[in-house]
Amino acid sequence: MSSSLPLNQETVKSLRRQFPALQRKIDDVLPVYLDGPGGTQLPDSVIDAFGDYLRAGNSNLGGKFQVSEETVSLVEHARASAAALVGAASPSEVFFGPNMTSVTFSFSRALSQQWLPGDEVIVSVADHGANRSSWVTAAQDRDVQVHYLPVKDQRGELDLDALDELLSGKTKLVALTAASNITGTITDLKAVIKKCHKVGAKVFIDAVHLLPHQLVDVQALDVDFLAGSAYKFYGPHLGFLYGKAQWLSSIEPYKVEPAPTYAPHCWETGTLNFEALSAFVATVEYLASLGEGNTLRNRLASGYDNLHQYEASLSAYFLNQLVLIENVQLFGLPQAEGRTATFALRFGERDPAEIASALGKRQIYVWSGHLYADKLTDAFGVTDKGGILRVGLMHYNTIEEIDRFFEALKAVL
């Protein structure tokens, strides 16, 4: 796809040809993938990158021969790609792991060794369990008190006034989501980080749901730590974590004794998934191909701008169609601004799982339940009622697919 073209209905139809899963018919029907928040489909370039690495030769790091040296270069390339994606000052501020959950659990155990009984941490009810349970269980191990930041209402916005009341000189860490994986509501990260740093608290941001939709700049945000997951933005099953150099160097990780003692290598336990790193490089390049510019970061910024504008148009269309549905309840913002194209719905007392199943039989793929953000569905009072029906739009979705969803939904209801 030409980087000079904006994303619109016509260019997206062309772009979709890069995604083989979107071409596969099931029961003679092209499925409608509205399950992006649970994991996206991959373009050919990313799929090919897995095999390209393995076909060229598979070797661990540190060998005195060419294939090993090529693997070292690949890891360096992947780290530079991740640094460009999040706006890090140096590639050494990023390390990789099998997935965001594993990386966060491991990192929480190391960071929490600096905590003392009587210290406090803050998590939010809006967060996915990966960014909540990691810190809650670490706090329990260290006899540290946990506070939960509530949401204001069913729009899913975090209560930043309550954050002011919870913060104190005892607060060691605040762990929050950049955007809700249920409602799509985006957190005002700059405001949160500024408040936390005033009392000396570090900030850990789960950017898993935001990164498929919006570019982040860790330096502009002044965030201490930020985690992401590549399979949520057209890439492999691979987690990564950004940390300010001063913090990654001052925290002692759990590692095998002979492993490197310096960041970022000391944080990467065992052998990395090199074929996934190869695919990760291709993933970042794919996102950059949606834009234009002289550097990778500039192309990413341009590509994300195109992506964001197109997804905002999808959101506006979806919300306009949603108001025509009887007895529908939307959790999250009722407009395209301030959210990702992710929608949490209920239809009276109908079980969301039953609706998801009926749509699935029509090859329209959505999710239902609490989706590992059970504290949020608790706050909405719907966990025991089956949670919500989640519809997630990505930049490869189209207006026609939204129409197919609503046509099928009306039939199911």
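The axis of a helix is taken here as a line fitted to its C-alpha atoms over the stretch in contact, and an angle between two axes runs from 0 to 180 degrees between N-to-C directions. This is a predicted model, and the description below starts with two of its helices before turning to its sheet.

In these terms, the axes of helix H4 (residues 100-111) and helix H5 (residues 129-141) come within 9 Å and cross at roughly 25°. Because angles under 35 degrees count as roughly parallel, H4 is roughly parallel to H5. The crossing of H4 past H5 is right-handed. Among the residues that make the contact are Met100, Phe105 and Arg109 of H4, together with Asn131, Trp135 and Asp141 of H5. The residues of this contact comprise seven nonpolar, seven polar and two charged.

The sheet is open and is formed by seven strands in the order S2-S8-S7-S6-S5-S3-S4, with mixed pairing. Its edge strands are S2 (94-97) and S4 (145-149), each of which pairs on one side only, and the twist averages 20° from one strand to the next. Within the sheet, strand S3 (residues 120-124) pairs with strand S5 (residues 171-177) in the parallel sense over four bridges, and Val121 stands opposite Leu173 in S5.

Two helices can be described by the strands that they meet, as the table shows.

| Helix | Strands | Direction |
|---|---|---|
| H5 | lies across S3, S4, S5 and S6 (202-206) | about 160° to S3 |
| H7 (residues 189-198) | packs on the sheet, touching S5 and S6 | about 155° with that of S6 |

H5 thus appears in both parts of this account, in contact with H4 and lying across strands of the sheet.

Notes:
Residues numbered from 1 in each chain as written. Predicted model: local features only at pLDDT ≥ 70, side-chain atom pairs only at ≥ 80, totals over all residues. Heavy atoms only, no water. Helix = DSSP H or I, 4+ residues; strand = E, 2+ residues; numbered from the N terminus. Parallel < 35°, antiparallel > 145°, perpendicular 65-115°, else oblique. Left-handed = near helix turned anticlockwise from the far one by under 90°. Contact = heavy atoms within 4.5 Å. Nonpolar A, V, L, I, M, F, W, Y, C, P; charged D, E, K, R; others polar. Pairing = 2+ DSSP bridges.
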